[in-house]
Amino acid sequence: MARVVRFHARGGPEVLRIEDVEVPPPGPGEVRIRVKALGLNRAEVSLRKGSYIETPALPSGLGLEAAGIVEAVGDGVDDFAPGDAVSIIPPHSIGRWPAYGELVTFPAELVVKHPPSLGFEAAAATWMQYLTAYGALVDIAPLGRSEPVVITAASSSVGLAAIQIAGMIGAVPIAVTRTSAKKSALLDAGAAYVVASQEEDLEARLKEIAPRGVRVVLDAVGGPIFAPLTAAMSRGGILLEYGGLSPEPTPFPLLAVLAKTLTLRGYLVHEITGDPVRLEAAKAFILDGLASGALKPVIARTFPFDRIVEAHRFLESGEQFGKVVVTV
């Protein structure tokens, strides 16, 4: 038996329960992991509330990221052995492969031996944020050296990962955050500029920073911010939308899109994780960055497993700077 987190009804953090379940041995091509740390993500909040792109049957587990030690491997698994320190690539289905538990089983192709210098907490905070940022900025955009890039929700784990990846490329990260409260921390994290969208004229400030316009925008917010963002973009620019944090409707900026021939593109990390060739390129880029120190996960706060409800409340508060991690 092992303790796992499940919910039997959709709703707030209070619906999460820690329950004892029987964990079967790994099947062919699978790896069973004794979990040491979990990385929490906004997608898990959406799944719990019933507003995610996936709607699993209840009761449901949840969780996209974990790090721990291999306990057993199934038939056909040759790259891993008991005792290996590993972390998890986010699966396509949270319901099918939930990570919140003391003992979890994942397909071997989603398991990575992380660098020895990376502890379990940092490893659990790695793959979702860096794969998401990499896929948008390197694989799809692709962002060039000395090129400005606008990153909204900049103090989130993906926002900080995007700032670091932009810096690794030699681009110019422009961090957009709601207020100036986190400005100093964002500059320390590598942002070249910080714009407080609730305190400044976002369009005017972006045009001041990048008079020729910004070709690449990575946005997690949506809503009314689309108007000033697209107004500050350059001809042929691309806005990659990977979130939807704003509760307000997102208007389509028709005139800006037509006048500048813009691309407004929905983006999910599954585009990278579901393509073996693109995933291998992403893993190589990220592992190289981790090894060199150019990429370093920022952990906002760590909670013990027994306080998973409190961890989810903190995740939803918007107060965090970086990743929320749970130790098991």
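## Close-up views of a predicted model

**View 1. A salt bridge joins Arg-48 and Glu-316.** The side chains of these two residues come together at 2.5 Å, taken from N to O. Arg-48 belongs to helix H1 and Glu-316 to helix H11, so the pair ties together parts that sit 268 residues apart in sequence. How do the two ends compare, buried or exposed? Arg-48 is buried, with a relative accessible area of 0%, while Glu-316 counts as partly exposed at 26%. As with everything shown here, keep in mind that this is a predicted model.

**View 2. Helix H11 has a buried face.** H11 covers residues 308-317, and its buried residues are Ile-308, Ala-311, His-312, Phe-314 and Leu-315. Look down the axis of H11 and these buried residues fall within an arc of 160°, so they line one face of the helix. A bit of background helps here: an α-helix has 3.6 residues a turn, so residues three or four places apart point the same way. What do the buried residues of H11 pack against? Their partners are four strands and a helix, namely E1 (2-7), E2 (16-21), E15 (299-304) and E16 (323-327), plus helix H1 (42-49). Right after H11 comes Gly-318, and its phi is positive, near 80°.

**View 3. Strands E2, E1 and E4 make an open sheet.** The sheet has 3 strands in the order E2-E1-E4, and their pairing is antiparallel. E2 and E4 (60-61) stand at the edges with a single partner strand each, so one side of each has no neighbour in the sheet. How many bridges join E1 to E2? There are 6, and the two strands run antiparallel. To pick out one pairing, start at Val-4 and find its bridge partner in E2, which is Glu-19. In general, strands of a sheet pair through backbone hydrogen bonds.

**View 4. Asn-41 is a buried loop residue.** You'll find Asn-41 in the loop between strand E3 (30-39) and H1. Buried means under 20% relative accessible area, and Asn-41 has 6%, so it counts as buried. Which residues does Asn-41 touch, leaving aside those up to four places away in sequence? The list is Leu-64, Glu-65, Met-128, Leu-315 and Lys-323. Leu-315 has come up already, as one of the buried residues of H11.

**View 5. Arg-205 and Glu-208 form a salt bridge within helix H6.** The closest N and O atoms of this pair are 3.3 Å apart. Both residues are in H6 (residues 202-209), and being 3 residues apart, they are separated by about one helical turn. Arg-205 is partly exposed, at 21% relative accessible area, and Glu-208 counts as exposed, at 56%.

**View 6. Glu-280 and Lys-283 form a salt bridge within helix H10.** Here the closest N and O atoms are 3.1 Å apart. The two residues are 3 places apart in H10 (residues 276-292), which puts about one helical turn between them. Glu-280 is partly exposed, with a relative accessible area of 47%, whereas Lys-283 counts as buried at 13%.

**View 7. Arg-3, Glu-102 and Asp-306 share a network of salt bridges.** This view brings together three residues rather than a pair, linked by salt bridges. Searching the whole structure turns up 18 salt bridges.

Conventions
Residues numbered from 1 in each chain as written. Predicted model: local features only at pLDDT ≥ 70, side-chain atom pairs only at ≥ 80, totals over all residues. Heavy atoms only, no water. Buried < 20%, exposed > 50% of the residue type's maximum accessible area, 1.4 Å probe, protein only. Arc of directions from axis to C-beta. Contact = heavy atoms within 4.5 Å. Pairing = 2+ DSSP bridges. Salt bridge = Lys/Arg side-chain N within 4 Å of Asp/Glu carboxyl O.
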